[in-house]
Amino acid sequence: VYHHVDRNRLTEKYFKEVHRRQGASRLLFRRRSSIGLVLRLVRAVCQFSLFALIGKERQRYRSKGRIYHYLGMLEAKRSRAHHPG
């Protein structure tokens with residue numbers, strides 16, 4: 001199966017934005033504590049670093065997506081705390 005992918009989707013900026021938006025929207029469905037999110041973010045950063053060191057490109061890429069995902073969740077949580085309801 002061939003899927004045409006718009007070149008605008010092949011940028012770091014787009015990748016980052018998509019994962020941050022996914023994280024922010026997922027926060028609506030999954031209640032997570034800030035501490036839990038920070039711990040998950042730290043784990044994703046450690047995994048990213050490890051996979052970068054040992055050359056596991058696919059796992060590094062997925063970890064980077066998780067980093068942006070958890071950052072999006074934290075940003076949404078912080079935004080809701082400043083602008084409740």
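# Notebook: rings, charges and core

I counted the aromatic pairs to begin with, and the structure holds two. The model is a predicted one, and I kept that in view for each entry.

**Entry on the rings.** For phenylalanine 15 and tyrosine 61 I looked up the ring geometry: the centres lie 4.8 Å apart and the planes stand at 40°, so I noted this pair as tilted. Phenylalanine 15 belongs to helix H1 and tyrosine 61 to helix H3, so the pair ties together parts 46 residues apart in sequence. I then checked how covered each partner is. Phenylalanine 15 has 10% relative accessibility, so I wrote it down as buried, since buried means under 20%. Tyrosine 61 is partly exposed, with a relative accessible area of 46%.

The other pair joins phenylalanine 15 to tyrosine 68. Here the ring centres are 6.0 Å apart and the planes are at 75°, so the pair is edge-to-face. Tyrosine 68 lies in helix H3 and phenylalanine 15 in helix H1, so this pair ties together parts that are 53 residues apart in sequence. Both phenylalanine 15 and tyrosine 68 are buried. I recorded Phe15, Tyr61 and Tyr68 as one aromatic cluster.

**Entry on lysine 64.** Is lysine 64 buried or exposed? I found lysine 64 in helix H3, and its relative accessibility is 16%, so it counts as buried. What does lysine 64 contact, leaving aside its neighbours within four places in sequence? I listed Glu12, Phe15 and Phe48. Phe15 in that list is the phenylalanine of the aromatic cluster.

**Entry on the salt bridges.** How many salt bridges are there? I counted three. As a general note, side chains of opposite charge can pair when their charged atoms come close.

I took the bridge of lysine 64 and glutamate 12, where the N to O distance is 3.0 Å. This pair links distant parts of the chain, with lysine 64 in helix H3 and glutamate 12 in helix H1 (residues 12–29), 52 residues apart. On cover, the partners fall in separate classes: lysine 64 is buried at 16%, whereas glutamate 12 is partly exposed at 40% relative accessibility.

Next I looked up arginine 20 and glutamate 75, whose side chains meet in a salt bridge at 3.0 Å, N to O. Arginine 20 is in helix H1 and glutamate 75 is in helix H3, and this pair links distant parts of the chain, 55 residues apart. Glutamate 75 has 30% relative accessibility, so I put it down as partly exposed.

The bridge of glutamate 57 and arginine 60 has an N to O distance of 2.4 Å. Both residues lie in helix H3, three residues apart, which is about one turn of the helix. Glutamate 57 is partly exposed at 48% relative accessible area, and arginine 60 is partly exposed at 21%.

**Entry on the core.** Which residues make up the largest nonpolar core? I found nine: Leu27, Leu37, Leu41, Ala44, Ile67, Tyr70, Met73, Leu74 and Ala76. Helix H2 (34–54) and helix H3 (57–82) each supply at least two residues of this core. H3 gives the most, with five residues. As a general note, nonpolar side chains in soluble globular proteins tend to be buried together.

I looked closer at isoleucine 67, one of the core residues. Leaving aside its neighbours within four places in sequence, isoleucine 67 is in contact with Leu41, Ala44, Val45 and Phe48. Leu41 and Ala44 are also core members. Phe48 also appears among the contacts of lysine 64.

**Entry on the surface.** Which residues form a nonpolar patch on the surface? I found Leu50, Leu53 and Ile54, with about 340 Å² of accessible area together. I placed leucine 53 in helix H2. Leucine 53 has 74% relative accessibility, so it counts as exposed, the cut-off being over 50%.

**Entry on a distance.** Glutamate 17 lies in helix H1 and is partly exposed, with a relative accessible area of 38%. How far is glutamate 17 from serine 34, and what is their spacing in sequence? I noted 21 Å from C-alpha to C-alpha, with the two residues 17 apart in sequence.

Technical notes. Residues are numbered from 1 along each chain as its sequence is written. This is a predicted model: local features need pLDDT of at least 70, side-chain atom pairs count only at pLDDT 80 or more; totals for chains, interfaces and linings use all residues. Side-chain values use heavy atoms; hydrogens and water are left out. A nonpolar core is a set of buried Ala, Val, Leu, Ile, Met, Phe, Trp, Tyr and Cys residues joined through side-chain atoms within 4.5 Å. Buried means under 20% relative accessible area, exposed over 50%, partly exposed in between (1.4 Å probe, protein chains only). Helices (H or I, at least four residues) and strands (E, at least two) are DSSP runs, numbered from the N terminus. Contact means heavy atoms within 4.5 Å. Patches are made of residues with over 30% relative accessible area and no salt bridge: like charges are joined within 9 Å, nonpolar side chains (Val, Leu, Ile, Met, Phe, Trp, Tyr) within 5 Å. Accessible areas come from the Shrake-Rupley method with a 1.4 Å probe; for residues, only the protein chains shown count as cover. A salt bridge is a side-chain nitrogen of Lys or Arg within 4 Å of a carboxyl oxygen of Asp or Glu. Rings of Phe, Tyr and Trp (its six-membered ring) pair if their centres lie within 6.5 Å; planes under 30 degrees apart count as stacked, over 60 as edge-to-face and the rest as tilted.
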